[in-house]
Amino acid sequence: PGIRGIMLISGFAPMSGTGEHCAQGVIRLEHWDRRKTPETQVSYIIEEIQKRTADIHEAKVMCFTTPALRGLGRLGGVGFQLCSIGDVTPPELAEQADDLVHRLDQMKETKRVMSGYNANTPQLYLSIDRRKAEAMGLTAETIFKALQNNLAAFYINDFNMNGGAYEVIVQSEAPYRAGMHDVMNLQFPGKEGMIPMSAIGSVKHSVGPREITRFNKMTCANI
């Protein structure tokens, strides 16, 4: 009750930036005249959303209202960088950032402290036997170009047509880059024909930071 509509946006979140693991939803409320009861108030709706999403362990859900004046909302407060010194791994930095956020959130002087840094984004770790690949006539450049052209997106050029400018992007169709087996089925031109990725490398599931930011050349987490 009290909600008129919802718009979902995949690939972007205010605190996490852009990425396949990010998303945000914009909730449009009913008119003031139709929200007279307690369960239709903004505070109640936010509390209810947080309760219903609390058991989603695969995601970190944060709900907040947009500011009446741009730059003066809950996301426009104080921010700083928690920097790592020495050989601090991303999981260790994420652990310290979460601990700091928890302690700051317990203080009465601060409210809704959050960090967009995490080191548990699902990833695929590809290991290539370069000596074996070179023996088959493959170079690292050939392998990496094929990976980029098929799994990522490779820009070719622009062209004009009917008064509009368009980009030419090379990328495999979604069904051919949806899983780990698609990586192992990639083919490379070798000395004696096409060589599959499974012949020169292996891939496994892993986790890590979605992006690494630095402040004064030190890896940091935004708070």
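Here are some questions and answers on two helices and a surface patch in this predicted model.

Me: Which strand gives the most residues to the nonpolar surface patch?
Reply: The patch covers about 380 Å². Its members are Ile3, Ile6, Leu8 and Ile27. Three residues come from one strand, residues 3–13. That strand is β1.

Me: Is Leu8 buried or exposed?
Reply: Leu8 sits in strand β1. Exposed means over 50% relative accessible area. Leu8 has 70% relative accessibility, so Leu8 counts as exposed.

Me: How far apart are the end C-alpha atoms of helix α2?
Reply: Helix α2 runs over residues 90–105, which makes 16 residues. At 1.5 Å a residue, α2 should span 22 Å. The model agrees, with the ends of α2 apart by 22 Å.

Me: Within what arc do the buried residues of α2 fall?
Reply: These residues are Leu93, Ala94, Ala97, Leu100, Val101 and Leu104. Seen down the axis, they line one face of the helix, because they fall within an arc of 130°.

Me: Why would residues three or four places apart point the same way?
Reply: Count the residues in each turn of an α-helix. Residues three or four places apart point the same way because a turn holds 3.6 residues.

Me: Which exposed residues does α1 carry on the face turned away from its buried side?
Reply: The buried residues of α1 are Ile45, Ile46 and Thr53. They cover an arc of only 100° around the axis, so they are on the same side of α1. The face turned away from that side carries the exposed residues Ser43 and Lys51.

How values were computed. Residues are numbered from 1 along each chain as its sequence is written. This is a predicted model: local features need pLDDT of at least 70, side-chain atom pairs count only at pLDDT 80 or more; totals for chains, interfaces and linings use all residues. Side-chain values use heavy atoms; hydrogens and water are left out. Patches are made of residues with over 30% relative accessible area and no salt bridge: like charges are joined within 9 Å, nonpolar side chains (Val, Leu, Ile, Met, Phe, Trp, Tyr) within 5 Å. Accessible areas come from the Shrake-Rupley method with a 1.4 Å probe; for residues, only the protein chains shown count as cover. A salt bridge is a side-chain nitrogen of Lys or Arg within 4 Å of a carboxyl oxygen of Asp or Glu. Helices (H or I, at least four residues) and strands (E, at least two) are DSSP runs, numbered from the N terminus. Buried means under 20% relative accessible area, exposed over 50%, partly exposed in between (1.4 Å probe, protein chains only). The expected span of a helix is 1.5 Å times one less than its number of residues. The arc is that of the directions from the helix axis to the C-beta atoms.
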